Amino acid sequence: QAAAPLHPVAVQCQEAQVVVKVHRDLFGTGRLVRAAELTLGSASCLPMVQSAAETTVTFVAGLHECGSTLQMTPDSLIYKTSLSYKPTPSGNLVIVRTNAAVVPIECHYPRKGNVSSNAIQPTWAPFRSTLSVEERLMFSLRLMNDDWSTERLSNGFQLGESLHLQADVVSGHHVPLRLFVDDCVATLSPDRNSSPRYALIDLSGCLVDGRSDDSASAFISPRPRQEMLQFMVDAFRFAGDDRNLIYITCHLKVSPADQDPNPLNKACSFNKASSLWAPVEGTGDICSCCETGNCPS
């Protein structure tokens, strides 16, 4: 809403920043507050340069600046900050004539988007279609060549070869994010629930295909970047079926990069030499549920 005495604080949540406009008649009493008495966030960011003649005060800050905090829900990224008014004595240094005030401010952005790859040909339907693409996290899942330098031009493999799969997310101006592959399933049709089906990654990030006696499938460690995750899967086909086209459907997700990996957000491979599960990052105990099968989902 427009900043006016009846609605003295107006917020615009833009792609990479928040704009806060404050009417100096903050309490609707006709007594104007001073711009120097207004700050944004726990870092006490100051407003843009204002003249005493202006009736509004404007703040412009990046989504993760000024001490803002990020909350993640199943559907949204929520950036939280606050506008603070702290009156200082004027004229008479003993008294003030207004109370301090704090106005909470939130910006909501959707978490879910769509991925695309010509080589793998994902077939899932869009999560949402009502919000502009600039507000989405852009995920991708690609078949790469053997040295991971470029996308693989062919999606054909011989048994005995390995698939090099790379998952990415473009986080734009959001806080740094770490990407995870929650699950991957192979099927003979685009329907991930069709039969036969074979789980490559399951249990919130366990590369269960690597547990098989004849497989060396594993996540690549360390990551090239926090927003990228690479893994190798030995080529296979479904027994008793002559079809040679296999669909691989994966669910990708992110968590804040400064959040420690845990049993829900992890990337775990099975090490045959030690007979133990090992994470790409984090402590080994976050992979223990890969063996017991009781990981959170």
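Two strands are said to pair if DSSP finds at least two bridges between them, and strands themselves are DSSP runs of at least two residues, numbered from the N terminus. With that in mind, the bridge partner of V22 in strand 4 is V57. The model described here is a predicted one.

## A three-stranded sheet

The contact between V22 and V57 belongs to the pairing of strand 2, residues 17-23, with strand 4, in which seven bridges join two strands that run antiparallel. These two strands are part of an open sheet of three strands, arranged in the order 1-2-4 with antiparallel pairing. Strand 1 (9-13) and strand 4 (56-62) each have a single partner strand and stand at the edges, so one side of each is left without a neighbour in the sheet. On average, and with direction ignored, neighbouring strands of this sheet are turned by 15° against each other.

## Strand 14 and its partner

Further along the chain, strand 10 (residues 177-187) pairs with strand 14 in the antiparallel sense, over 10 bridges. Within this pairing, C184 has C250 of strand 14 as its bridge partner. Strand 14, which spans residues 247-256, is mostly covered, since nine of its 10 residues are buried.

## Salt bridges

Side chains of opposite charge can pair when their charged atoms come close. A search of the whole structure finds 10 salt bridges, and the table below sets out some of them.

| Pair | N to O distance | Relative accessibility |
|---|---|---|
| E106 and K80 | 3.9 Å | E106 40%, K80 31% |
| R192 and D183 | 3.2 Å | R192 27%, D183 15% |
| R225 and E227 | 3.1 Å | R225 41%, E227 24% |

In the salt bridge of E106 with K80, E106 lies in strand 7 (residues 101-110) and K80 in strand 6 (residues 76-85), so the pair ties together parts that are 26 residues apart in sequence. E106 counts as partly exposed because its relative accessibility is 40%, and K80, at 31%, also counts as partly exposed.

The side chains of R192 and D183 meet in a salt bridge as well. Here R192 is partly exposed at 27%, whereas D183, with a relative accessible area of 15%, is buried, because buried means under 20%.

The salt bridge between R225 and E227 has a wider setting, for R142, D168, R225 and E227 are linked in a network of salt bridges. R225 counts as partly exposed at 41% relative accessibility, and E227 is partly exposed with a relative accessible area of 24%.

## Cavities

The structure holds two cavities of 30 Å³ or more, and about 80 Å³ of space lies in the largest cavity. This largest cavity is lined by 13 residues, of which V18, L63, S68, Y79 and T81 are the closest to its centre. Strand 4, strand 6 and strand 7 are the elements that give two or more residues to its lining, and the largest share, three residues, comes from strand 6. By class, the lining of the largest cavity has eight nonpolar, three polar and two charged residues.

Some elements therefore recur across this account, as the definition of numbered strands allows them to be followed by name: strand 4 stands at an edge of the open sheet and is among the elements that line the largest cavity, while strand 6 holds K80 and gives three residues to that lining.

Methods:
Residues are numbered from 1 along each chain as its sequence is written. This is a predicted model: local features need pLDDT of at least 70, side-chain atom pairs count only at pLDDT 80 or more; totals for chains, interfaces and linings use all residues. Side-chain values use heavy atoms; hydrogens and water are left out. Helices (H or I, at least four residues) and strands (E, at least two) are DSSP runs, numbered from the N terminus. Axes are lines fitted to C-alpha atoms, for helices over the stretch in contact, and angles run from 0 to 180 degrees between N-to-C directions. A salt bridge is a side-chain nitrogen of Lys or Arg within 4 Å of a carboxyl oxygen of Asp or Glu. Buried means under 20% relative accessible area, exposed over 50%, partly exposed in between (1.4 Å probe, protein chains only). On a 1 Å grid over the protein atoms alone, a cavity is a set of points where a 1.4 Å probe fits but cannot get out, and a pocket is an open set with protein on both sides within 12 Å along at least five of seven lines; lining residues have an atom within 4 Å of a point. Grid points are joined across faces, edges and corners, and a volume is the space filled by probe spheres set on the points. Ala, Val, Leu, Ile, Met, Phe, Trp, Tyr, Cys and Pro count as nonpolar, Asp, Glu, Lys and Arg as charged, and the others, Gly among them, as polar.
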